[in-house]
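I opened the model to look up two things: charged side-chain pairs and the way the sheet is built. My entries follow in the order I made them.

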Amino acid sequence: MKLTFLGTGGVTAAPLPGCRCRACQRATHDPRFARAPCSALIEYGRERILLDAGLPLLASRFPPGTLSRILLTHYHMDHVQGLFALRWGQGDPIPVWGPPDPRGCDDLYRHPGLLDFRPALTPFVAHAFGELQVTPLPLQHSRLTHGYLLAWQDIRIAWLCDTCGLPPDTADFLRGQALDQLVIDCNDPPCAAPRNHNDVTQALAIVALLQPRQTWLTHLSHEMDNWLAENALPDGVQPARDGQTLRCDAAWPVTV
């Protein structure tokens, strides 16, 4: 199995239009440092699962017939905006799972096109997508949001974005898992009162609680990139980058 970070930024990721901070200037002149909306592609066998759909040119990158299914964490625009064009393509329906949010986003439910919205998965209950077991995990955000525990063979990856801290039930559930990889929301540098997203202090507290073998910070703002340029992270914790791939086998995940 492999997981590719398609985007690792939040709504204020570098380059932020009009901003001339160090991170935004660097991302403007070197695309390697730019961050697209937070999302990932999971691949194993013939399965290609899109995790969140905020890439604006999603329909061009994944024409109909190239995705097996889509998992959504929640229905904020930066996590679903790519669906608005993708839905009008021609081809087989694409199954879509997300949290049970009756509002959805704009008119996606009313005019789904080739998107086949499925009943929400039950939190803390594993659901089989072929060889992959997917368990929804409630998170703390300004909108109903699910993270996911991805289990493939002996590999356990927790995807926890968007969130500000963890609900007690989710924290208790994950403490019972031997996590190989943790992907965690870390939108902001240290701040007095984080809202909707973790700051780095909260993110590292979750890392200390769950004790994964490796942690990747995602949903990074331009302020967080500026902080990272001057501060070190603990061993085993790194900022993810767009295009980075975790290649997982039964022995150990390898990053490229």
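Entry one. I am working from a predicted model. I started with arginine 175 and aspartate 172, whose side chains meet in a salt bridge at 2.3 Å, N to O. Both residues sit in helix H5 (residues 168–175), three residues apart, about one turn of the helix. I checked exposure next. Arginine 175 is partly exposed at 48% relative accessibility. Aspartate 172 is partly exposed as well, at 43%. I also noted a network: salt bridges with shared partners join Lys2, Glu43 and Arg48.

Entry two. How many salt bridges does the structure hold? I read 10. One of them links aspartate 101 to arginine 143, with the closest N and O atoms 2.6 Å apart. Aspartate 101 lies in the loop between strand E5 (94–97) and strand E6 (115–117), and arginine 143 in the loop between strand E8 (132–138) and strand E9 (146–152), so this pair ties together parts 42 residues apart in sequence. Are these two side chains buried or exposed? Aspartate 101 is buried, at 5% relative accessibility. Arginine 143 is buried too, at 13%.

Entry three. I then looked at aspartate 30 and arginine 32, which form a salt bridge at 2.6 Å, N to O. Here the accessibilities fall in separate classes. Aspartate 30 counts as buried because its 17% relative accessibility is under the 20% limit. Arginine 32 is exposed, with a relative accessible area of 63%.

Entry four. I turned to the sheet. It is open, has seven strands and runs in the order E7-E8-E9-E10-E11-E12-E13, with mixed pairing. Which strands are at the edges? They are strand E7 (127–129) and strand E13 (237–239), each pairing on one side only. Neighbouring strands are turned by 20° against each other on average, direction ignored.

Entry five. I followed one pairing inside the sheet. E9 and strand E10 (residues 155–160) pair in the antiparallel sense over five bridges. Leucine 150 stands opposite isoleucine 157 in E10. H5, the helix from my first entry, packs on the sheet and touches E8, E9 and E10. The direction of H5 makes about 145° with that of E8. Helix H6 (residues 200–210) also packs on the sheet, touching E10, strand E11 (181–185), strand E12 (214–218) and E13. The direction of H6 makes about 155° with that of E11.

Entry six. I checked the record last. UniProt, in an unreviewed entry, lists residues 48–219 as "domain: Metallo-beta-lactamase". Over that range the chain is 18% helix and 27% strand. Its end C-alpha atoms are 22 Å apart.

Conventions:
Residues numbered from 1 in each chain as written. Predicted model: local features only at pLDDT ≥ 70, side-chain atom pairs only at ≥ 80, totals over all residues. Heavy atoms only, no water. UniProt positions renumbered as here; feature names shortened; annotations may be inferred. Helix = DSSP H or I, 4+ residues; strand = E, 2+ residues; numbered from the N terminus. Salt bridge = Lys/Arg side-chain N within 4 Å of Asp/Glu carboxyl O. Buried < 20%, exposed > 50% of the residue type's maximum accessible area, 1.4 Å probe, protein only. Pairing = 2+ DSSP bridges. Axes fitted to C-alpha atoms, helices over the stretch in contact; angles between N-to-C directions. Contact = heavy atoms within 4.5 Å.
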